[in-house]
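Dear colleague,

I am handing over the structure we spoke about, and it is shown just below. My notes on what was found follow it, starting with the ligand and ending with the domains.

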Amino acid sequence: MRAKTPALDRFRVAAAVLVAAIHTSPLASCTAEGDFWLTRVLARLAVPFFFLVTGYFLGRSNWKSLPRFLKKTGLLYLLAIALYVPLNVYARQLTGWQEALRGIFLEGTFYHLWYFPAVLLGAVLAFLLSRLGARSGLAIAALLYLAGLGGDSYYGLLFTHPAGKAFYDALFCVFSYTRNGGVFAPLFLLLGASAKPGNPRLCLPGFLLALACMSGEAVLLRQAGWPRHDSMLLFLPVCAVLLFSLLLSVNGGQDRAARRFSAAFYVLHPWCIVLVRGAAEALGLEQPLVQNSLGHFLAVVLLCSLLSLAAALLRAEGPAETGRAWRELDRQALAANAALLRRQAGPHCALMAVLKADAYGHGAVPCARVLRRCGVRAFAVATLSEGIALRKAFVRGAILILGYTPPAEAELLARWRLTQAVVDEPYARRLAAQGHRVRVQLAVDTGMHRLGVPADDPAAFRRIYRLPNLRFAGLFSHLCAANSAEPSDEAFTAGQIDAFLRLAGTLRACGCPVGDTHLLASAGLLRLEMQPCSHVRPGLALFGVWETQEERDESCGLRPVLSLRARVACVRRLAEGERAGYGLAFTAKRPTLLATVSIGYADGLPRDLAERGGEALLHGVRVPIVGRLCMDQLLIDATDAGEVHGGDAVTLIGEDKGERITAEEVAGRCGTISNEVLSRLGGRLGLVLR
Ligand SMILES: *Cc1c(COP(=O)(O)O)cnc(C)c1O
């Protein structure tokens, strides 16, 4: 097997340097012909290469990564726009708003930034064209490219056709060049999407031949005086695709540092040209650093490399989220569950989403963002730091802290606009005494005897309502047997509800500012009649999970949101009778393929999962977890799962090829409820959104 290198990522660096060459003409002072070939022929491959790589990865994801690509590239473009504002101001560019809009959406706000609107618009167009089928899409993109040629290198051809010239001249009232707008990029993006590794023995001579043809084409066109601009040539797509197939044939793995470096280099090089010129003038080094074109080019490349290296280091990412063990969130399921629960709650009752314990192990911040997007405006957490973490991630809306916060933290409650649950009357007094204006909701004890002012003491509530500094936002209680069908429990629950509603009525009648009212968590919301309250307060149900397998009700339409997966670290064969793991707790009863999986009890799995018959999914097959769970690893008997390799994904909770393990199943085996299993999923697990 030939050794593979991350050729695609590394070639990005060369392509970025070639673009800098276009803008510095390195060979101009020694050979005008050589410089023409370097900057107008060879370097013209650089941008099409970037389009091809982009198309290649979009195509590989079946265009599913298009939204993420648009977002990431859009953000980078915004950053680049901001970086070049000083030069725009200095050069008095984009002074009118029309100019500015044209700059931002069509041409780029600085000469090299045309690439961003072109690739953003091009990617959307290429996606739409790809829906017409690979061939028709490519054919249309090729026609668009041919049309673009007429306004670029083949502009002179049209002098004999006044109508054609008039057409392009009208076009140039909007675009400066035909490479802008959606003509240039889509062809390369679609070619990239369908690109395959080529046979190097054919691609290399093919590429050299195409490059020779392209060189000839460029020289002839220049002699004829046809080009209006020189970005587009007839042989360019052929040449670029052969180069790309050649790179693909040796490509393997990725080099994310090279990717970041090349992006930074591309964005920064015009600034470096300005800086090198400025510095040369200030230091009297204009001869070697500006007039000498090669010296100029090298100085720009050196400065830009240093800055890009610094930028790439600054942006250096951590390890991939899915490298070892990770949680996977199904955002659509979360949104659908929220919609379903809201319908269940009725038109007059809003959702307060309970996101305590990092949203039951699902990641509070991403969950809050999904829920806000589907209209949820109230959240609840258990602790002050959970509330602050949401605010720091710019989650707006009401955030109620359900648990105890020391009254001395009143200032933080006020600063982060968090609402604190009042746990009893003395607590209310101490909180009011801190001198900070704090929003509160009053907890009512209707029989659970955990937190709250007793429901049968309205006088205590009236005293609290008279305290200074507290802004009263609501009144709530919690049911403690709502999931039980025992008649005595049902009667108790009915009593709790009755006590809460009666108290709310009494307080309202004597003019107390009761505010929001809420009582029902998941079990109550799913099993009981709706109460006349302003909110319901589900946690678990949002995540499509019930406490136990017996309660699980597939018919109600809630879908599990979380999958928990981990990588196989390595596999080994054991002979019958061989033993493995701590305490040699596993004995192979047959020739066994044993796989070590990179997740353990420190990640939140119950330590007794193996003894209790726990299973995992590997390639869609249920396999037993064996031996004793380690802190960071566990063993599975992978004998029945076909061929297994290091790096394969194992599912501990969730679906794999139609087979499924639920959180309720894991909890049931280990004698606990899903809430505990999920809320323990540790912070060192990765988190990815689907
Ligand atoms: C945890 C909690 C909830 C949410 O309970 P679920 O059963 O997960 O819906 C609601 N209210 C309070 C006070 C809680 O502590």
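**Surroundings of the ligand**

The ligand is surrounded by Val354, Lys356, Tyr360, Leu402, Arg450, His478, Ala521, Ser522, Arg537, Pro538, Gly539 and Leu540. Please keep in mind that this is a predicted model, and that the distances below are computed from it. By residue type, the shell around the ligand consists of six nonpolar, three polar and three charged residues.

Three of these residues place polar side-chain atoms by the ligand, as follows. In serine 522, an N or O atom of the side chain is 2.4 Å from an oxygen atom of the ligand, while arginine 450 has a polar side-chain atom 3.4 Å from a ligand oxygen atom. For histidine 478, the partner is a nitrogen atom of the ligand, which lies 3.5 Å from a polar atom of the histidine side chain. Of the 390 Å² of accessible area that the ligand has on its own, the protein covers 88%, and the place where the ligand sits is the second largest pocket.

**Domains**

The protein chain is divided into domain 1 (1–24 + 255–318), domain 2 (41–254), domain 3 (349–543) and domain 4 (562–689). Between domain 1 and domain 2, the C-alpha centres are 21 Å apart, and the contact between these two domains involves 27 residues of domain 1 and 32 residues of domain 2.

With best wishes

Technical notes
Residues are numbered from 1 along each chain as its sequence is written. This is a predicted model: local features need pLDDT of at least 70, side-chain atom pairs count only at pLDDT 80 or more; totals for chains, interfaces and linings use all residues. Side-chain values use heavy atoms; hydrogens and water are left out. A residue is near a molecule or strand if one of its heavy atoms lies within 4 Å of it. A polar contact is a pair of N or O atoms within 3.5 Å; within protein, one must be able to donate a hydrogen and the other to accept it, and residues adjacent in sequence count only if both atoms are side-chain atoms. Accessible areas come from the Shrake-Rupley method with a 1.4 Å probe; for residues, only the protein chains shown count as cover. On a 1 Å grid over the protein atoms alone, a cavity is a set of points where a 1.4 Å probe fits but cannot get out, and a pocket is an open set with protein on both sides within 12 Å along at least five of seven lines; lining residues have an atom within 4 Å of a point. A molecule sits in a cavity or pocket if more than half of its atoms lie within 2 Å of its grid points. Ala, Val, Leu, Ile, Met, Phe, Trp, Tyr, Cys and Pro count as nonpolar, Asp, Glu, Lys and Arg as charged, and the others, Gly among them, as polar. Domain bounds come from an automatic or database domain assignment. Contact means heavy atoms within 4.5 Å.
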